[in-house]
Amino acid sequence: MQAFDVLGDPVRRRILELLADGEQAAGAVSGVVRAEFGISQPAVSQHLRVLRESGFATVRADGTRRLYAVDSAPLREVALWLERFRRLWSQRLEALGTELARGRRTSREQRENAAGTPSAGSTSETRSEDDT
């Protein structure tokens, strides 16, 4: 099964989110997932099995309990694959950061002008961390 097939299911993504906080008993995971998604315990067990068989999760016995944890190797593979596309959104995020800074600067200048104080462009002393 391909990594995105596994991650494409919202129940499995939620299970991985729960396991990202640390090792969890199958019963604890099942309780949360059943409450959030309204699915049966056998259905949760099936999702845990898919995660285990696809390598996204590991399981170990602790007496009668089964403790699940995230195996990060498949997630690293997904991250490497996504790296090819990072430049597509990195440029947009940088542009968004520039626009947000420009908007903060404009708002500050408008407030200063309304209050009768010098604008950020007239003295270097009124510059703040938002300008950097």
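In this predicted model, helix 2 and helix 3 share a well-populated list of contacts. On the helix 2 side, P10, V11, R14, I15, L18 and L19 take part, and they meet V29, V32, V33, E36 and F37 of helix 3. Helix 2 covers residues 10-20, while helix 3 runs over residues 26-37.

How can the arrangement of such a pair be put into words? Two packed helices are described by the angle between their axes together with the distance between those axes. Here the axes of helix 2 and helix 3 come within 10 Å and cross at roughly 140°. Angles over 145 degrees would count as roughly antiparallel, and those from 65 to 115 as roughly perpendicular; helix 2 and helix 3 are therefore oblique to each other. The crossing also has a hand: helix 2 passes helix 3 in a right-handed crossing.

Helix 3 offers a further residue to look at, S30. Is S30 buried or exposed? Its relative accessible area is 6%, and buried means under 20%, so S30 counts as buried. Leaving aside residues up to four places away in sequence, S30 touches Q41 and V44.

The strands come next, and strand 3 is a good place to start. Strand 3 (residues 65-70) pairs with strand 1 (residues 24-25) in the antiparallel sense, over two bridges. Strand 3 also pairs with strand 2 (residues 57-62), again in the antiparallel sense, this time over six bridges. Which residue of strand 3 stands opposite Q24? That residue is Y68, and Y68 is the bridge partner of V59 as well. Strand 2 and strand 3 form a hairpin with two residues between the strands, and in this hairpin G63 takes a positive phi near 65°.

The last element to visit is helix 5, which spans residues 73-115 and bends by about 55° at R84. Which residues of helix 5 are buried? They are P74, V78, A101, R108 and E112. The buried residues of helix 5 pack against helix 1, which covers residues 3-7. Just after helix 5 comes G116, and the phi of G116 is positive, near 80°.

Taken together, the picture holds an oblique pair of helices, a strand 3 that pairs with strand 1 and with strand 2, and a bent helix 5 whose buried residues pack against helix 1.

Note on methods. Residues are numbered from 1 along each chain as its sequence is written. This is a predicted model: local features need pLDDT of at least 70, side-chain atom pairs count only at pLDDT 80 or more; totals for chains, interfaces and linings use all residues. Side-chain values use heavy atoms; hydrogens and water are left out. Helices (H or I, at least four residues) and strands (E, at least two) are DSSP runs, numbered from the N terminus. Buried means under 20% relative accessible area, exposed over 50%, partly exposed in between (1.4 Å probe, protein chains only). Contact means heavy atoms within 4.5 Å. Two strands pair if DSSP finds at least two bridges between them. The bend at a residue is the angle between axes fitted to the seven residues ending there and the seven starting there. Axes are lines fitted to C-alpha atoms, for helices over the stretch in contact, and angles run from 0 to 180 degrees between N-to-C directions. Angles under 35 degrees count as roughly parallel, over 145 as roughly antiparallel, 65 to 115 as roughly perpendicular and the rest as oblique. A crossing is left-handed if the near helix is turned anticlockwise from the far one by less than a right angle, and right-handed if clockwise.
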